[in-house]
Amino acid sequence: MKTPQVDSELIARLSNGDKSALYGLYDKYSAALYGVIIRMCRDGAQAEDLLQETFVKIWRNIDRYDPDKGKFYTWAYRIARNTTLNSFKGKDNLIQSGDLSVYKDKATEPEPNYLQLKGSLKKLEPHHQEAIALIYFKGYTHQEAHEKMGVPLGTFKSYVRQALKQLRKSYTNELVWLWFIFEMIA
């Protein structure tokens, strides 16, 4: 039976140039990162290219990863998100209009109601709003965000968890996917 490899071990091996460590990280995180990318670009072929580009950047920049600033997934998530956003730069048509075969019936797919989400966020306590904004809109790690707010890390994580629970109650359908991403990052 194969034992799961610890991130720190894989990262140390990758830093020493061991390509098999990159394969281990790919096996462990590629599905989650692909999910992030496909939700942003909605094009399977482009998402695969962007995922490959993401892992090339991880390989080339692994020395920049600092485990004291956050989990490896959070760092890789940022690379995937930024790589995807950068792929949109310079395109005239930012809305994907090509092959949507992954989505069988585009007309029946519900449009996310971001106004409802914005309204739900404004109903939160100010410290909950700030915690959500720091993590999910400004890209801070939990470590950075709790220092920015000046509260202990455990308290900060409680703020985030309480805020997400409140959002979940008021914004159930559209928030399910967001909740999934947040839980993976935390």
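The exercises below, each with a worked solution, concern a predicted model of one protein chain.

**Exercise 1. The chain as a whole**

Describe the secondary structure of the protein chain, and then state what share of its residues count as buried.

*Solution.* Begin by counting elements: the secondary structure comes to nine helices and zero strands, so that, read from the N terminus on, the order is α-α-α-α-α-α-α-α-α. Next, turn to burial, where 38% of the 186 residues of the protein chain count as buried. Then consider the surface, for the chain exposes about 11,900 Å², and carbon and sulfur atoms supply 53% of that area. Finally, look at how contacts are spread along the sequence: among those between residues at least 6 apart, 56% join residues at least 24 apart.

**Exercise 2. Two buried residues in the N-terminal helices**

Decide whether D7 and S30 are buried or exposed, and find which residues each of them touches.

*Solution.* First place the residues: D7 is found in helix α1, which covers residues 7-15, while S30 lies in helix α2, which covers residues 19-41. The second step is to compare each relative accessible area with the cut-off for burial, which is under 20%. D7 has a relative accessibility of 18% and therefore counts as buried, and S30, with a relative accessible area of 13%, is buried because this value is also under 20%. The third step is to list contacts, leaving aside neighbours within four places in sequence: D7 is in contact with L25, K28, Y29 and F72, and S30 touches L25, L51 and F55. Residue L25 thus appears in both lists.

**Exercise 3. The two sides of helix α7**

Work out how the buried residues of helix α7 are arranged around its axis, and name elements that cover them.

*Solution.* Start from the residues themselves: in α7, which spans residues 142-149, the buried ones are H142, A145, H146 and M149. Seen down the axis of the helix, these buried residues fall within an arc of 95°, and so they line one face of α7. On the other side of the helix, E147 and K148 are exposed. What covers the buried residues includes α6 (126-137) and α8 (153-170). To finish, follow the chain just past α7, where G150 takes a positive phi of about 75°.

**Exercise 4. A residue of helix α6**

Determine how accessible A131 is, and which residues it contacts beyond its neighbours in sequence.

*Solution.* Locate A131 first, in helix α6. Its relative accessibility is 0%, so A131 counts as buried. Leaving aside neighbours within four places in sequence, A131 is in contact with M149, F156, Y159 and V160; of these, M149 is one of the buried residues of α7. As a last step, consider K157, which stands 26 residues from A131 along the chain, with 8.5 Å separating the two C-alpha atoms.

**Exercise 5. The second largest pocket**

Characterise the lining of the second largest pocket by its residues, by the elements that supply them and by residue class.

*Solution.* The pocket has a volume of about 280 Å³, and 14 residues line it, with R64, Y65, W75, R78 and I79 lying nearest its centre. The elements that give two or more residues to this lining are α3 (44-61) and α4 (72-88), and α4 gives the most, with four residues. Sorted by class, the lining contains three nonpolar, four polar and seven charged residues.

Note on methods. Residues numbered from 1 in each chain as written. Predicted model: local features only at pLDDT ≥ 70, side-chain atom pairs only at ≥ 80, totals over all residues. Heavy atoms only, no water. 1 Å grid on protein atoms, 1.4 Å probe; cavity = no way out; pocket = protein on both sides within 12 Å on 5 of 7 lines; lining within 4 Å. Points joined across faces, edges and corners; volume = space filled by probe spheres on them. Nonpolar A, V, L, I, M, F, W, Y, C, P; charged D, E, K, R; others polar. Buried < 20%, exposed > 50% of the residue type's maximum accessible area, 1.4 Å probe, protein only. Contact = heavy atoms within 4.5 Å. Areas by Shrake-Rupley, 256 points an atom, 1.4 Å probe, with all protein chains shown as cover. Arc of directions from axis to C-beta.
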